[in-house]
Amino acid sequence: MQENLAGTSKAIWADGRRALIEWYRVNHRALPWREKPHPYAVWLCEIIMQQTRIEQGLKYWHTFMNTWADVHALASAPLDEVLKAWQGLGYYSRARNLHRAAQTIAFERDGVFPRSATEWKTMPGVGPYTAAAIASICYNEPVAAVDGNVLRVISRYVDIKDPIDRPIGRKQVDTFTAQWIHPKEAGTHNQAVMELGALVCKPKSPLCPECPLESTCINAQPALGTTPIPPIKMGKTKVKTVNLIFNVVTNGTHVWMRKRPAKGIWGGLWEFPTQELSLGSELPEQPPSEAKILPTAIRSRSQWGEPFEHILSHRRLRCRFVVWHIESEPILDQGQWLSWQEAEAKARPRAIDRCWERLEKSCLTLDNL
DNA sequence: AAACCGGGGCG
DNA sequence: CGCCCAGGTTT
């Protein structure tokens with residue numbers, strides 16, 4: 001593959017690069033951080049957009065920019081408020097790392113952003129892709145930003161036969177892009193490859209006839225709807241099924257909630273006390289025994305919510321909540337009483353939010369208890 | 001090298 | 001229902 005970069009093919013890749021950048025200037029989507037790239041806006045955007053579609057992340061980016069206009073404001077905000085603004089986006093460690101990096105930049109670097117990709121990589125939450133993206137977009141440092149789009153586009157373009165989700169295929173993409181990156185317009189070039197992947201070189205049914213790289217692409221398809229072409233991928237880790245019972249303990253005005261530990265799934269978010277049922281067991285038809293969850297409750301009564309499913313990338317959650325109306329304070333391991341209004345203001349996982357919606361629908365919150 | 005870590009959208 | 005998304009961190 002490296003030898004393809006030498007000799008005659010080198011001129012071909014250069015032609016493709018020129019055509020690609022020209023295509024980008026005409027066809028790129030207008031995104032707010034593209035007009036005048038500022039490190040804060042670009043960094044924030046890159047963190048939010050990790051494993052996230054632009055359309056989904058865009059409103060979060062606006063919320064963050066409007067709420068915390070610069071790195072000092074973000075660094076001074078309570079982490080809980082940052083997590084609340086992040087609620088619903090997923091991968092919550094991104095929010096915690098974003099906040100930590102903001103504090104480093106604001107308090108230890110006096111507000112001075114890193115400049116090189118190498119320097120950016122020392123920030124929590126900033127890996128090889130994000131560091132290259134920021135350094136190239138903001139400073140035109142000639143480093144290749146390789147994301148999911150780039151892996152797909154390049155593996156097709158230079159016909160990589162090894163799985164790109166394994167080190168062997170990944171290395172070949174890195175080797176090519178490192179030499180292909182435009183020396184003077186790295187930011188435009190990187191964004192052009194990604195934009196091409198999003199708009200033209202799509203995972204299924206790529207639009208080869210519209211592609212600026214068609215004439216130099218080894219895998220270009222003559223017509224639409226033809227045989228799928230690389231990337232070759234190995235694989236998907238198996239999804240495990242877990243049964244969860246969310247215990248909504250309330251005395252009418254307040255609800256018992258607890259904050260999850262900072263690391264692990266849904267780190268730092270608030271939840272109802274949750275029981276994980278043993279693997280393979282069915283979701284029970286009857287509420288769990290009162291003694292197990294509310295050892296000291298007096299005169300409680302319970303109501304089932306209807307079962308629902310919540311899908312994560314690596315888990316299939318079969319969920320059900322049970323509402324415990326109690327008249328005395330429960331003794332639980334951790335957590336605290338929150339008014340429904342206070343609880344509403346806490347950052348919650350989507351699965352807990354699903355319970356919330358159903359509780360509201362059954363008029364169980366606030367008024368109608 | 002593989003697992004973990006969310007949530008949404010689309011064919 | 002499987003696949004993918006402007007990936008990084010931990011084991």
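I will go through the contacts to DNA strand C, then one glutamine, and then the salt bridges, keeping in mind that this is a predicted model.

Let me begin with the DNA. DNA strand C is surrounded by 27 residues, and the closest of these are Arg34, Gln51, Arg53, Gly125 and Arg152. Of the atoms of DNA strand C that come within 4 Å of the protein, 67% belong to sugar and phosphate. The residues of this surface divide into 11 nonpolar, nine polar and seven charged, and four helices, α3 (39-49), α9 (128-139), α10 (148-157) and α12 (186-199), each supply at least two residues to the surface.

Turning to individual contacts, Arg152 places a polar side-chain atom 2.2 Å from a phosphate oxygen of DNA strand C, while Thr130 has an N or O atom of its side chain 2.7 Å from a phosphate oxygen of the strand. Arg34, by contrast, addresses a base: a polar atom of its side chain lies 2.7 Å from a base nitrogen of DNA strand C.

Arg34 also has a protein partner, since it forms a salt bridge with Glu195, with the closest N and O atoms 3.3 Å apart. Glu195 lies in helix α12 and Arg34 in the loop between α2 (8-27) and α3, so the pair ties together parts that are 161 residues apart in sequence. Both Glu195 and Arg34 are buried.

Now to the glutamine, Gln172, which sits in helix α11 (residues 167-180). Is Gln172 buried or exposed? Its relative accessible area is 19%, and because the cut-off for buried is under 20%, Gln172 counts as buried. Its side chain makes a polar contact with the side chain of Asp162 at 2.8 Å, and it also reaches the backbone oxygen of Ile168 at 3.1 Å.

Returning to salt bridges, a search of the whole structure finds 16 of them. One joins Asp159 to Lys161, with the closest N and O atoms 3.0 Å apart; here Asp159 counts as buried at 19% relative accessibility, whereas Lys161 is exposed at 57%.

Another lies within helix α15 (residues 350-361), where Asp353 and Arg350 are three residues apart, about one turn of the helix. The closest N and O atoms of this salt bridge are 3.8 Å apart. Asp353 is buried, at 14% relative accessibility, and Arg350 is partly exposed, with a relative accessible area of 33%. These two residues belong to a network of salt bridges that links Glu344, Arg348, Arg350, Asp353 and Glu357.

Note on methods:
Residues numbered from 1 in each chain as written. Chains lettered and ligands numbered in written order. Predicted model: local features only at pLDDT ≥ 70, side-chain atom pairs only at ≥ 80, totals over all residues. Heavy atoms only, no water. Near = heavy atom within 4 Å. Polar contact = N/O pair within 3.5 Å; in protein donor to acceptor, adjacent residues only side chain to side chain. Nonpolar A, V, L, I, M, F, W, Y, C, P; charged D, E, K, R; others polar. Buried < 20%, exposed > 50% of the residue type's maximum accessible area, 1.4 Å probe, protein only. Salt bridge = Lys/Arg side-chain N within 4 Å of Asp/Glu carboxyl O.
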